[in-house]
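Welcome to this tour. Please open the model in your viewer, choose a cartoon view, and keep the selection tool at hand.

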Amino acid sequence: MARYLISFPDGAMSHIPDEDWEAVGLAAHAVNSEAKAAGVWVHSGGLLHATEVSVVDPDGSIRHGADVQAGPPVGGFAIVDVSSRDDALRWAVKLAAACRCPQEVRELMPDANA
């Protein structure tokens with residue numbers, strides 16, 4: 001089994017009309033429930049906008065919001081524990097449909113000491 005991060009960038013769902021948000025939420029939760037029932041769900045969630053980001057640098061300094069110049073912020077994610085990349089892609093297809101936006105799929109590095 002391998003763990004995969006399925007994610008989308010902040011703002012990827014900005015095209016969704018206000019009146020559709022409840023349906024999108026229900027659809028996303030339905031996929032999570034299906035993944036839980038299948039025994040592959042590890043964790044999932046949406047993140048606040050990038051203006052709420054804080055970064056702690058190696059020297060201990062902390063940057064917030066507009067001072068953060070990291071990579072593209074993540075808007076939401078799911079982690080699944082599946083037997084193959086193809087399985088992860090099948091879950092990403094379901095999440096893309098539920099969230100109405102493209103999903104990025106990346107395998108998490110295995111860590112034998114974790």
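Start by selecting β1 and β5, which pair in the antiparallel sense over eight bridges. Here, helices (H or I, at least four residues) and strands (E, at least two) are DSSP runs, numbered from the N terminus, and two strands pair if DSSP finds at least two bridges between them. Within this pair, look for Leu5, which stands opposite Ile79 in β5.

A word about what is on screen: this is a predicted model, in which local features need pLDDT of at least 70, side-chain atom pairs count only at pLDDT 80 or more, and totals for chains, interfaces and linings use all residues. Residues are numbered from 1 along each chain as its sequence is written, and side-chain values use heavy atoms, with hydrogens and water left out.

**The sheet**

Keep β5 (74-82) selected. Is this strand mostly covered or mostly uncovered? It is mostly covered, as seven of the nine residues in β5 are buried; buried means under 20% relative accessible area, exposed over 50%, and partly exposed in between (1.4 Å probe, protein chains only).

Next, add β2, which pairs with β5 in the antiparallel sense over five bridges. Select Gly46 here and you will find its bridge partner, Gly76, in β5.

Now return to β1 (residues 2-9) and add β6, which is joined to β1 by four bridges, again in the antiparallel sense. Tyr4 is a good residue to click on: Glu107 in β6 stands opposite it.

With these strands shown together, you have an open sheet of four strands in the order β2-β5-β1-β6, with antiparallel pairing. β2 (41-46) and β6 (104-107) each have a single partner strand and stand at the edges, so one side of each has no neighbour in the sheet. Turn the view a little: neighbouring strands of this sheet are turned by 20° against each other on average, direction ignored. In general, strands of a sheet pair through backbone hydrogen bonds, either parallel or antiparallel.

**The helices and a loop**

Select helix α2 (residues 85-99), which lies across β1, β5 and β6 and runs at about 30° to β1. Axes are lines fitted to C-alpha atoms, for helices over the stretch in contact, and angles run from 0 to 180 degrees between N-to-C directions.

Move on to the loop between α2 and β6, where Arg100 is found. Arg100 has a positive phi of about 60° although it is not a glycine. Most residues other than glycine have a negative phi. Arg100 is also partly exposed, with a relative accessible area of 37%.

Then go to helix α1 (residues 21-38) and select Asn32. Which residues does Asn32 touch, not counting those up to four places away in sequence? They are Trp41, Ser44 and Leu95, where contact means heavy atoms within 4.5 Å. Asn32 counts as buried, at 14% relative accessibility.

**The whole chain**

Finally, zoom out. The protein chain has two helices and six strands, and from the N terminus on its elements run β-α-β-β-β-β-α-β. Its C-alpha trace spans about 45 × 40 × 20 Å along the principal axes. Of the 114 residues in the protein chain, 31% are buried. Among contacts between residues at least 6 apart in sequence, 77% join residues at least 24 apart.
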